[in-house]
Amino acid sequence: MNSTWNTNIALFYKRFPALKELLCEDIAFFEKETEEGRSPLPLEFLFAKNGSPTALYKADGSGGNATDGAATRTNASVGTADKSAPAKQPPIPLHSKYNPEREAEQLVQQFSKNDFDAAVFLGFGLGYAPIAFAKANPSTPLILIENNPLFLFAALNTLDFTQVFSHPNLIVVTKTNASTAVSLLANYKAERIKIYSSKAHTAHNLSFATEFLELFKRSLQKDEINTNTLEKFSRLWMKNSMANLPYLAKCDGVRKYRSTLLQLGAKATDLPFVILAAGPSLETVLPHLSKLKESCVLVCVDTALHALLKAGVEPDFIVLVDPQYACARHLEFLKAKSSVLITESAAYPSVFRFECRETVMCSSLFPIGQYFESRLGQKGKLGAGGSVATTAWDFARTCGSRKIYIAGMDLGFPGKQTHIRGSQFEERAHRSSSRTHTAESNGIASLLGASPSLSKDYRGNAILTDKRMSLFAWWFESNCSTALKDGQTTFTLTPQSLAIPNISISSPQELLLECSAKKEELIEAKKKFFEQAEKNSIQIKAQEEKDALPSFENVLKEFKENLENLLSISKKGLSLCQSAIQNRTKAREVNAKLSEIDSQILNSKGKDAAALVFPTERQLSAKANELPQAAQQDPLLKPIYYSRLIYSELQKAVKAYLDLT
């Protein structure tokens, strides 16, 4: 092997020892083929006009000296060229035929011209662009994704990657699936990630690149939905959370159910959990629920409760985690004395007055609840994929069940229906209907309100769905895949629902037959499941007493003091800004003092709570554009005006909390 390879692979081993172990066979194969003069890849190496090495990718699979054995090994182990590639496609240049370095420098220049937090290279040929990026951006996160490790090795065998491997924020992704690759970007906001991708660098594994870009696009959509939701509901979440604070001290957490079936032994994990959502297809399962409840744990989302109670069935668990008042109305005038309600501290306050066996809480997604839980004890995290059904499914998963069944989670509109008959959605539509706005017109708005599109159900029939529901489906696809690796299988009892990969088809009849074969065992397992959860609760409380956790009253007092301190800091910052704006000569002196103010804010224990009702980046940017024109053009005063805006908005946020304490 040449000196470039030896240097690069030594740096690679040092930087990524775990990857070294994963790729040891591929590395040995690449070195053997290269040393024996065979090309393990469909690449033809040549030189550009300026003398720099470059290469052509041969889409028909013919390498420079590739043998049949090498081509077979590459395709079988990590999947190189798509088999669907045309037989006589002309070679694709990976880089400029004249000056690859200049081409790469021009490519990465666009990064500095925009506001990005991370750069992702989805394929990179021989590596000119990542090397140029590492030189120009020595601290910005750099993520290299090359799913075929042999193409990664070809780059390491050609160019000096010292600058890349010395980059402090480097991630290398290889030999994985697109879903996992996208999940590695979760630490960054999707809209602040720059994706570098070209057909030349992804042609050898086009299906992977296409799937990755589609999944990343969904991440962008999810982030946009989250931002829209935050801007619309943040004040409601704050008010609800503040009103419900005492329940954080009174209610048990779902953590008492975590892994309970595993505690009871392997046989107990056979206890099926059935998730009941409010899609139209739930109608087909309702007649079987009273029988299923004997030997299964029924977990009902709030929207489906009315239909279950009407069918004479009280579920074992009801899940309601959406803070909106409309969701609280799903429990209005209802009661389920044998059911356990799972909710969170930001739920609408009337939810905590629901008449049931017990109310337990999951860990809050919002900063106020998180602040109090960090001091009073955690309630137990549950997944949140934007739909209450995702939380219900994750509850079943965390309990330890090996078989999770879903019914009524249609994620679409089978038969052009939006919800099961008799649900609160349908009843409310009838109650609010008028001559000019009928219940039918309300249904049409639901069908067409979020970019509708046609997809397939589990039987291959067409089903109308939309962008929002596709995001929920993506969440299930990803998480059910992970659960499968842990031996937990998810089934649907309603095949007329939107088909989701990694979810298998079953039926109520099949489930009933399976349960009847070991009915006594399952009934006993269900009984012990609830008994063990109560034992866990006692142990958790004993441990919290041993840890001498503070009282709720002391934590509330501390919370208020932290907010008052934050208010005082923001007032001081605002005063300094005002003095500089009134007297421009003080601007440099004030800027230095504001750095200290900003540091105090970042270290404040109350900042995360205030962030909930602080403007989003999008809102803050809009407010900044409304600053006086003179301020935006004055390089000395512009940061002062922007800081004043920040401190002013922070004051409003803190005062909103203090008004509720």
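Author: A charge counts as sitting over a ring if NZ of Lys or CZ of Arg is within 6 Å of the ring centre and within 35 degrees of the ring normal. Keep that in mind for this model, which is predicted.

Reader: Okay, what makes lysine 250 a case of a charge over the ring of tyrosine 247?

Author: The charged end of lysine 250 is 5.3 Å from the centre of the tyrosine 247 ring. The limit is within 6 Å, so the distance part is met. Arginine 357 also qualifies: it lies over the face of phenylalanine 530, at 4.7 Å from the ring centre.

Reader: Which aromatic cluster does phenylalanine 530 belong to?

Author: Phe530 forms one cluster with Tyr257, Phe273, Phe317, Phe395 and Phe529. Pairs of rings are counted too, and the total comes to 32 aromatic pairs.

Reader: Why is the pair of phenylalanine 12 and phenylalanine 16 called stacked, edge-to-face or tilted?

Author: Let's check the numbers. The ring centres of phenylalanine 12 and phenylalanine 16 are 5.8 Å apart, and the limit is within 6.5 Å, so they pair. Their planes are at 50 degrees. Stacked needs under 30 degrees and edge-to-face needs over 60, so this pair is tilted.

Reader: And what makes those two residues buried or exposed?

Author: Phenylalanine 12 has 1% relative accessibility, and phenylalanine 16 has 13%. Buried means under 20%, so both residues are buried.

Reader: What about the cysteines: why do cysteine 300 and cysteine 399 count as buried or exposed?

Author: Cysteine 300 has a relative accessible area of 0%, and cysteine 399 also comes out at 0%. That's under 20%, so both are buried.

Reader: How many disulfides are there?

Author: The count is zero. A disulfide would need a pair of cysteine sulfur atoms within 2.5 Å, and no pair meets that rule.

Reader: Zooming out, what share of the protein counts as buried?

Author: Of its 661 residues, 50% count as buried. As for contacts between residues at least 6 apart in sequence, 72% join residues at least 24 apart. The protein has 29 helices and 18 strands.

Reader: What makes the nine-strand sheet open, and what is its order?

Author: The order is E8-E13-E12-E11-E10-E9-E14-E17-E18, with parallel pairing. Strand E8 (252-253) and strand E18 (503-505) are the edges, and each pairs on one side only.

Reader: How do you know that E9 and E14 pair?

Author: Two strands need at least two bridges to pair, and strand E9 (residues 273-276) and strand E14 (residues 403-407) have four, in the parallel sense, so they pair. Leucine 276 stands opposite alanine 407 in E14. From there the sheet goes on: E14 and E17 share four bridges, with isoleucine 406 partnered by threonine 492 in E17. E17 and E18 pair over three bridges, and phenylalanine 491 has serine 504 in E18 as its bridge partner.

Reader: Which bridges hold for E12 with its partners E11 and E13?

Author: E11 and E12 pair in the parallel sense over three bridges, with isoleucine 318 opposite leucine 341 in E12. E12 and strand E13 (residues 355-361) pair over six bridges, also parallel, and isoleucine 342 stands opposite valine 360 in E13.

Reader: Which helix lies across E9, and at what angle?

Author: Helix H18 (residues 388-399) lies across E9, and across other strands including E10 (297-301) and E14. It runs at about 175 degrees to E9. Angles between N-to-C directions go from 0 to 180 degrees, so H18 and E9 point in nearly opposite directions.

Reader: Last one: what is notable in phi of lysine 175 and phenylalanine 333?

Author: Phi is positive in both, in residues other than glycine: near 55 degrees for lysine 175 and near 65 degrees for phenylalanine 333. Lysine 175 is in the loop between strand E6 (170-173) and helix H9 (178-183), while phenylalanine 333 is in the loop between helix H16 (325-328) and E12.

Reader: Why is lysine 175 put in one exposure class and phenylalanine 333 in another?

Author: Lysine 175 has 33% relative accessibility, which falls between 20% and 50%, so it is partly exposed. Phenylalanine 333 has 80%, which is over 50%, so it counts as exposed.

Note on methods:
Residues numbered from 1 in each chain as written. Predicted model: local features only at pLDDT ≥ 70, side-chain atom pairs only at ≥ 80, totals over all residues. Heavy atoms only, no water. Buried < 20%, exposed > 50% of the residue type's maximum accessible area, 1.4 Å probe, protein only. Contact = heavy atoms within 4.5 Å. Phe/Tyr/Trp six-rings, centres within 6.5 Å; stacked < 30°, edge-to-face > 60°.
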